[in-house]
Amino acid sequence: RQLEAEADREGMMIMEKNKVDPRGMLALMRTLQEVDDESIAPQISFLSTHPLTDDRIRDAETYLSLHPFEASKELNWNLIYAWRGIKGAIKSED
C-alpha cells in the first residue's frame, strides 16, 4: 500500500512536470469512490493491496494543498497527440 501511495504522489509530480493539472488525479479518485460499491465488497485495509480510496483522496488533497498548480498557456503537444490517439482507438473499437 505504501508503494501505491507513493505511485499516486509520483503520478501527480509527473503530471505537474508535463504541465497537466494534477487535480485530475483527485477527480479520478473521487470518481472511483462514486463507482465503488462498498455494499458488495466493503474495503478492508488489511486485505487490500491499494490504499483505501478515502485515504488516496485525502493524500491527493494534501499533495495539492502543498503544491498549488498554475496552469501554463504552453501546450504539451506530445500529450495532446497521445490523448487523441487513445480516443481514436477507443472509438474504433465501438
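**Questions on a four-helix chain**

Reader: Which residues form a nonpolar patch on the surface, with about 270 Å² of accessible area together?
Author: The model shown here is predicted, and the patch is described from that model. One of its members, Leu 28, is found in helix 2, and Leu 28 counts as partly exposed because its relative accessible area, 43%, falls between the limits of 20% and 50%. The residues that together form this nonpolar surface patch are Leu 28, Leu 32 and Val 35.

Reader: How many helices and how many strands are there in the chain?
Author: Read from the N terminus on, the elements of the chain follow the order α-α-α-α. The count that goes with this order is four helices and zero strands.

Reader: What percentage of the residues of the chain count as buried?
Author: The accessible surface of the chain comes to about 7,400 Å², and 56% of that surface belongs to carbon and sulfur atoms. To count as buried, a residue must have under 20% relative accessible area. Of the 94 residues of the chain, the part that counts as buried is 18%.

Reader: Which helix gives the most residues to the largest nonpolar core?
Author: In soluble globular proteins, nonpolar side chains tend to be buried together. Here the largest nonpolar core has nine residues, namely Met 12, Met 15, Met 25, Leu 26, Met 29, Ile 57, Ala 60, Tyr 63 and Leu 64. The elements that contribute two or more residues to this core are helix 1 (2-17), helix 2 (23-35) and helix 3 (53-66). With four residues, the element that gives the most to this core is helix 3.

Reader: Which residues is Met 25 in contact with, leaving aside its neighbours within four places in sequence?
Author: Met 25 is one of the residues that make up the largest nonpolar core, and that core also includes Met 12 and Met 15. Once the neighbours within four places in sequence are left aside, the residues in contact with Met 25 are Asp 8, Gly 11, Met 12 and Met 15.

Reader: Is Asp 8 buried or exposed?
Author: Asp 8 lies in helix 1, and, not counting residues up to four places away in sequence, Asp 8 touches Met 25, Met 29 and Arg 56. Its relative accessibility is 11%, and since the limit is under 20%, Asp 8 counts as buried.

Reader: Which residue meets the side chain of Asp 8 in a salt bridge?
Author: The pair links distant parts of the chain, with Asp 8 in helix 1 and its partner in helix 3, 48 residues apart. The partner has a relative accessible area of 13% and is therefore buried. The N to O distance of the salt bridge is 2.7 Å, and the residue that meets Asp 8 there is Arg 56.

Reader: How far apart are the closest N and O atoms in the salt bridge between Arg 58 and Asp 55?
Author: Arg 58 and Asp 55 both lie in helix 3, three residues apart, which is about one turn of the helix. Arg 58, with a relative accessible area of 45%, is partly exposed, and Asp 55 also counts as partly exposed, at 28% relative accessibility. This pair is joined in a salt bridge whose closest N and O atoms are separated by 2.3 Å.

Reader: Which residue forms a salt bridge with Arg 23?
Author: The count of salt bridges comes to four. In the bridge that Arg 23 forms, the closest N and O atoms are 2.4 Å apart. The partner is partly exposed, with a relative accessible area of 25%, and the partner of Arg 23 is Asp 21.

Reader: Where is the place of Lys 19?
Author: Most residues other than glycine have a negative phi, and most peptide bonds are trans. Lys 19 has a positive phi of about 60° although it is not a glycine, and Lys 19 is partly exposed, with a relative accessible area of 39%. The place of Lys 19 is in the loop between helix 1 and helix 2.

Reader: The structure holds one aromatic pair; what are the distance of the ring centres and the angle of the planes for Trp 77 and Tyr 81?
Author: Trp 77 and Tyr 81 both lie in helix 4 (residues 77-93), four residues apart, about one turn of the helix. Trp 77 counts as partly exposed at 43% relative accessibility, whereas Tyr 81 is exposed, with a relative accessible area of 52%. The pair is tilted, and its centres and planes lie at 5.8 Å and 35°.

Notes:
Residues numbered from 1 in each chain as written. Predicted model: local features only at pLDDT ≥ 70, side-chain atom pairs only at ≥ 80, totals over all residues. Heavy atoms only, no water. Core = buried A, V, L, I, M, F, W, Y, C linked by side-chain atoms within 4.5 Å. Buried < 20%, exposed > 50% of the residue type's maximum accessible area, 1.4 Å probe, protein only. Contact = heavy atoms within 4.5 Å. Patch = residues over 30% accessible without salt bridge, like charges linked within 9 Å, V, L, I, M, F, W, Y side chains within 5 Å. Areas by Shrake-Rupley, 256 points an atom, 1.4 Å probe, with all protein chains shown as cover. Phe/Tyr/Trp six-rings, centres within 6.5 Å; stacked < 30°, edge-to-face > 60°.
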